[in-house]
Amino acid sequence: MKTGSSGSFSNYLPEGCLLCYRGAKMVLFVTGVCGRGCYYCPVSKERQRKDAVFANERAVWNDNDVIEEAESMDALGTGITGGEPLLEPERVVHYIRLLKDRFGESHHIHLYTGMAPVKDTLGALKDAGLDEIRFHPPENMWVDINNSPFRDSLITAVKLGIAAGIEIPCITADYSGILSLLEEVGGFLNLNELEFSETNADELKRKGYETADNVSSGVAGSIGIAESLHGKKLHFCSSVFKDAVQLRERLKRIAGRSARDFDEVTDDGTLVYAVIEGDCALNIIKDACVTEDMYSFGNRGIETAWWIAEDLKDELKEEGCCVSVIEKYPVKNGIVVERTPL
Ligand code: SF4
């Protein structure tokens, strides 16, 4: 079995994935509660089984938190996930309406669910504005999906005009029933590279899975299974893609909106600027005719462009100031990636 690849590939990309590729989808986690208990569940300890809401990494206490997070990354769409979102169907409908009302019809919303909703539920989701639904049937139903309630849910969703598909982890399985059902109804198959996480690592190891390489958290062999389905209408999403490309593109969008005039935005979506600590920093900055838009007052000292600090560093250090260049994530209280003294 082929191992160790990092690429995502597809011969069909659902609309929700297109925006994700651009880092333009906000992830709205609507509850950590889920009755299933899949052995591969990647949901973190902090969120598993907790009825809490997060917009990306931001804890949500009110609707404004959701809107602010979407605005901070200039989101063009939202993926609703959990836990099991449809244990809280009214909450899901509320958030779909909230986002559509605020950002317009073009704000694309897709929903993951491990449930097989009936027509009334799907109708309410459609009325609220849901664009796309991805079903995650339990593993024991995959082989005989046509005799499961997911068949009706898929057909009903498509009839209602919701783009529909199946999204499951890529493991050794018989996908023939799923593929023929999807072909019949015009649905798509999204296969996620099976991944180690802090919550599923013990169970995956117990089942004999190993990591594909030392770089990613993907399971050896997962991509090979997807490749063996070559020619089918499917999209394979690798763990490296999710960690690297998706996150980097999202950070770049956030950085583009949050960067100050003197911040440099890197290709990784981080911000680079200088911090000057010391009593005479402000006088030296003013004497050098640095305009007010090119510095601000931070927690540790004056923050300015790294190239301004570089030009002034000898004078600043002679006067007892500490000068360093900071690279950090562009979010509120973002982690400092690197601090380099000048
Ligand atoms: S359905 Fe999803 S959230 Fe629930 S246990 Fe399975 S993987 Fe985890």
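These exercises walk through one predicted model, from the whole chain down to single residues.

Two ground rules first. Residues are numbered from 1 along each chain as its sequence is written. Because the model is predicted, local features need pLDDT of at least 70 and side-chain atom pairs count only at pLDDT 80 or more, while totals for chains, interfaces and linings use all residues.

**Exercise 1. The whole chain**

Task: Describe the extent of the chain and its secondary structure, and find how much of the chain is buried.

Solution:
- Step 1. Taken along the principal axes, the C-alpha atoms fill a box of roughly 80 × 45 × 35 Å.
- Step 2. The chain has 11 helices and 16 strands. Here helices (H or I, at least four residues) and strands (E, at least two) are DSSP runs, numbered from the N terminus.
- Step 3. Of its 342 residues, 39% count as buried. A residue is buried if 20 or more other C-beta atoms lie within 10 Å of its own, exposed if 12 or fewer, and partly exposed in between, with C-beta atoms placed from the backbone.

**Exercise 2. Two domains**

Task: State where the two domains lie in the chain and how many residues of each are in contact with the other.

Solution:
- Step 1. The assignment gives domain 1 (9-255) and domain 2 (261-341); such bounds come from an automatic or database domain assignment.
- Step 2. Taken over C-alpha atoms, the centres of domain 1 and domain 2 are separated by 40 Å.
- Step 3. At the meeting place, 5 residues of domain 1 are in contact with 8 residues of domain 2. Two residues are in contact if their C-beta atoms, placed from the backbone, lie within 7 Å.
- Step 4. On the side of domain 1 that touches domain 2, the residues divide into 3 nonpolar, no polar and 2 charged. Ala, Val, Leu, Ile, Met, Phe, Trp, Tyr, Cys and Pro count as nonpolar, Asp, Glu, Lys and Arg as charged, and the others, Gly among them, as polar.

**Exercise 3. Around the ligand**

Task: Find which residues surround the ligand, then sort this shell by class.

Solution:
- Step 1. The ligand is surrounded by Cys34, Arg36, Gly37, Cys38, Cys41, Val43, Gly82, Gly83, Glu84, Gly114 and His136. The test for being near is a C-beta atom, placed from the backbone, within 6 Å of the molecule.
- Step 2. By class, the shell holds 4 nonpolar, 5 polar and 2 charged residues.

**Exercise 4. The buried faces of two helices**

Task: For helix 2 and helix 3, find which residues are buried and explain why they share a face.

Solution:
- Step 1. In helix 2 (residues 63-72), the buried residues are Val66, Glu69 and Ala70. Seen down the axis, they fall within an arc of 100°, so they line one face of helix 2. The arc is that of the directions from the helix axis to the C-beta atoms.
- Step 2. Their cover includes strand 2 (25-29), strand 5 (77-81) and helix 3 (89-103), among others.
- Step 3. Helix 3 has buried Val92, Tyr95, Ile96 and Leu99. These cover an arc of only 100° around the axis, which puts them on the same side of helix 3.
- Step 4. On the other side of helix 3, Glu90 and Asp101 are exposed.
- Step 5. Among what covers the buried residues of helix 3 are helix 2, strand 6 (108-113) and helix 4 (119-128).
- Step 6. Look just past each helix: Asp74 follows helix 2 with a positive phi of about 50°, and Gly104 follows helix 3 with a positive phi of about 90°.

**Exercise 5. Residues in loops**

Task: Place Leu76, Asn146 and Asn56 in their loops and decide whether each is buried, partly exposed or exposed.

Solution:
- Step 1. Leu76 lies in the loop between helix 2 and strand 5. With 18 other C-beta atoms within 10 Å, Leu76 is partly exposed.
- Step 2. Leaving aside neighbours within four places in sequence, Leu76 is in contact with Leu19, Ala24, His107 and His108.
- Step 3. Asn146 sits in the loop between strand 7 (132-135) and helix 5 (149-160). Asn146 is partly exposed because 13 other C-beta atoms lie within 10 Å.
- Step 4. Asn56 belongs to the loop between strand 3 and strand 4 and is partly exposed, with 19 other C-beta atoms within 10 Å. Asn56 has a positive phi of about 50° although it is not a glycine.
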